[in-house]
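Reader: Could you walk me through this model and tell me what stands behind the labels you use?

Author: Gladly; please have a look at it first.

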Amino acid sequence: MGSSESAKSERTDRGRPSPWRGPWPAVVLAALCYANTIPNDFTYDDLALVKVARAERFKELFWTDWWKLASAPDDLNPKRDRLYRPLTLLTFAAQHALHGLHPAGYHVGNVLLHVVATFLVWSLARRLIYPPEAGRTARDDALAALAAAVFAVHPIHVEAVANIVGRAEIMSAIGMLAGLLVLTRPGTAPGAGRALRAAPWFLMALLSKENAVCYPAIAVLALLARPPTGRPGGRRWIALLAILVLPLLVYFPLRYMALERHLFRAQPAELVMNPAATAEGMQCLLMPLTILGHYTRLLIVPARLSCDYGLAILDPEHGVTGMTVLGAAATIGLLGGLAGWRSRASDPAPPAARLAAILCTMFLASYALISNTVLRIGVSLGERLMYWPSVPALLLLAVGLGAAWRRWVEPGGLLAHRARLLRGLGALLALALAVRTVVRNGDWANNLELFGTDVRTYPQGAHLHKAYAFELLTSWSNAAPEDRPGLLLLAREHLDRSLEIYAGGAEALAVRASVRAQMGDREGAMTDIEAALQLDPQLRVGHQIHAKLLFGNEVEAQVAELRAQVTSRPTDAVARRELGELLLRLGRCPPARKELEEAVALAPQDVAAWRALAKVLALTDTRDRAVAAFQRVLQLAPDDWEAHANLVTLLAQRDPRATLEHAQRAYALQPGEPRNAINLAEAYAINGRTAQAIAMLQAVEQGLAPDSPLRAVVAQRLAYLRQR
């Protein structure tokens, strides 16, 4: 860099700024990189959520959880995540009113929102990296442009932009960024008025996605990055903080009421989706490090991407892996960055070390909720979850590059003569990121393409194999007759692989039962579906497939006949109970529940009616009522082993002692039932009696038929307990 170029780089903003250091290059890159998502179809969770968003359902959209409306009334998953994102759903409703269920419009919406977010990232970077009050230089504007450009094209953001429901991430980030920009406006320190103007933006972020709960900490940190004249002092901090928490005081009561008196998920995440949910002991330390390692790798080298990082892409039993080591290195780096807090806070602009410390803290505050340390969430990790946390991470990158450039590349530096080469390499790196993003957008064209690509990238992913098999089955009905056998065979292969990885996958077993039935193997299908229901008695799809195998196409006639009996004899408790039991077997839970509630009202001593009602209550996410109903069964019939067995499942997470008592009683009443032996082993394990759990599972393994799907489940569980 020559002397004239150096002088130019030191020129302040009083001169005419270079367009290359403004927001427009990043904004254009954001639009161009994601333009090829517009022809894409709905993918992953898109259609389930978008199709329920209607303007006329405003009240429902605002007063219910993210997944409840997306589920059919008779297919509500009691293990679903408890999410509250009404504002995102309302944007879907607004778009549906404009163009219906045409995916292109929703994709255009996401691209435009990403463009807005990119502009706001540039604005925040420009304000934080070197405040205008301190005399910003053209070089500092270049750092802001760099951070925004990398944000615009980074492949880790594909899932948030290409996946329509990823809009929640983008809208939440926009709310956070806009609130911070209002709060950190150049000039005097923010007062109550400015904080009140920022509050609606933070509330918007919260109502778009719950990860915005970190905003009070982020706001304080952003203010600490300001010059002394731009920070509140003394009592103004207290007033400012009091106003900043106002959106939380609005949000949490709304969330609590909308989620039916829950703030978080009611049950632990499924192992296949979040292996960290089962981490114990040393695993509780190693798994978060492994997760951070994956996120670090995705930020630095985003070559291998996936829409799912469940079992066994991550597995607590793997112990220390390369990703664990990388996560530990990232942790050390972040902790080292915090040392910059020792720098003076009175400088007009914070030195690079202090700004790095602020950004490290900002990243940690943003990352905490998705780290699976403070709270076990529904997934182990997800690329979309890094949309907002990538903002402080990329600002930190820009600050680090700026400091390195000043030291090594500016005139007098060791690499000054390589300045042009280094700029060229940086441009090539940005181009590589952009190309990877464009290619990855194509993977999100449809579910078949997405899961097919990702299962090849991560062949160890149990959920990916199951999801790909499901998409193959979905395409089977529309395939040419000569292609159908091949699709069934391929689906079967992927389901087999999913079950090899995770033998306890009840849903994969149920889907494989359906495939085997289509292939003419009815006996094998019954074996699979019975094993699936033993593993998860509350598996709705399992009950539906089981009923289809049992009754075939004649079941609707039986339903109609029983309905006629109930209509003609409305006080006939037996007819109502039989109708409710049949509807329960078919997985039609709401009508089954109605009939069974009528049956127990008409015949309070009918044990079978109470048992069926308890089952349907467990399937419809009314756990407390299900427990009470099974306890009523035991009052009427103390030796009902099935009631004891169901209580084992329902009480496992809340009352280990009662779980063991019911497991022991069920096993004593029906020792030949594998489900009871497995339940007893699990109850021993929950109560810390590992040796007894191992002995029980060994006995179960010896008693199972060689071709039983449960053998692999027991073998995997034995291996895990022995390692402990």
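Reader: Thanks! Which residues touch the most other members of the largest nonpolar core?

Author: This is a predicted model, and in its largest nonpolar core, which has 175 residues, Phe 92, Tyr 295 and Trp 388 touch the most other members. Helix 6 (residues 103–129) gives the largest share of this core, 11 residues. There is also a second, separate core of 37 residues, with Ala 575, Ala 592, Ala 612 and Leu 634 among its members.

Reader: What does Trp 388 touch, not counting residues up to four places away in sequence?

Author: Trp 388 touches Ala 173, Met 176, Leu 177, Leu 180, Cys 214, Ile 218 and Ser 366.

Reader: Cys 214 caught my eye. What makes Cys 214 buried?

Author: Its relative accessible area is 9%, and buried means under 20%, so Cys 214 is called buried.

Reader: And why is Cys 284 called partly exposed?

Author: Cys 284 has a relative accessible area of 35%. The label partly exposed is for values between the 20% limit for buried and the 50% limit for exposed, so it fits Cys 284.

Reader: How do you know that the sulfur of Cys 214 is too far from the closest cysteine sulfur for a bond?

Author: The closest cysteine sulfur, in Cys 360, is 16 Å away from that of Cys 214. A disulfide needs the two sulfur atoms within 2.5 Å, so this pair is too far apart for a bond. By this rule the count comes to zero disulfides.

Reader: Let's turn to Leu 221. Why is Leu 221 called buried?

Author: Leu 221 has a relative accessible area of 8%; buried means under 20%, so the label holds. Leu 221 belongs to helix 11 (residues 215–224). Apart from neighbours within four places in sequence, Leu 221 is in contact with Trp 341, Ile 358, Thr 361 and Met 362. Its C-alpha atom is also 8.0 Å from that of Leu 359, although the two residues are 138 places apart along the chain.

Reader: Now helix 32. How do you know that its span agrees with 1.5 Å a residue?

Author: Helix 32 has 13 residues, which should span 18 Å at that rise, and its end C-alpha atoms are 18 Å apart, so the two agree. Helix 32 is mostly covered, with 10 of its 13 residues buried. Among the buried ones are Arg 675, Asn 676, Leu 680 and Tyr 684. What covers them includes helix 23 (522–535), helix 30 (641–651), helix 31, helix 33 and helix 34. Just after helix 32, Gly 688 takes a positive phi of about 80°.

Reader: What puts the buried residues of helix 33 on the same side?

Author: The buried residues of helix 33 are Thr 690, Ala 693, Ile 694, Met 696, Leu 697 and Val 700. They cover an arc of only 165° around the axis, which puts them on the same side of helix 33. An α-helix has 3.6 residues a turn, so residues three or four places apart point the same way. The face turned away from the buried side of helix 33 carries the exposed residues Ala 691, Gln 702 and Gly 703. On the buried side, the packing is against helix 31 (656–669), helix 32 (674–686) and helix 34 (709–723).

Reader: Which residue other than glycine has a positive phi near 60°, and is it buried or exposed?

Author: That is Asn 372, with phi near 60°, in the loop between helix 16 (352–367) and helix 17 (390–408). Its relative accessibility is 2%, and buried means under 20%, so Asn 372 counts as buried. Tyr 44 also has a positive phi, about 50°, although it is not a glycine. Tyr 44 lies in the loop between helix 2 (24–34) and helix 3 (46–50). Tyr 44 is partly exposed, at 22% relative accessible area.

Reader: Where is the pLDDT below 50?

Author: The pLDDT is below 50 over residues 1–15, a stretch with 24 contacts in the model beyond near neighbours in sequence. Where pLDDT is low, the predicted coordinates should not be read in detail. For the chain, the mean pLDDT is 86, and 92% of residues reach 70 or more.

Key. Residues numbered from 1 in each chain as written. Predicted model: local features only at pLDDT ≥ 70, side-chain atom pairs only at ≥ 80, totals over all residues. Heavy atoms only, no water. Helix = DSSP H or I, 4+ residues; strand = E, 2+ residues; numbered from the N terminus. Buried < 20%, exposed > 50% of the residue type's maximum accessible area, 1.4 Å probe, protein only. Contact = heavy atoms within 4.5 Å. Arc of directions from axis to C-beta. Core = buried A, V, L, I, M, F, W, Y, C linked by side-chain atoms within 4.5 Å. pLDDT = per-residue confidence, 0-100. Expected span 1.5 Å × (residues − 1).
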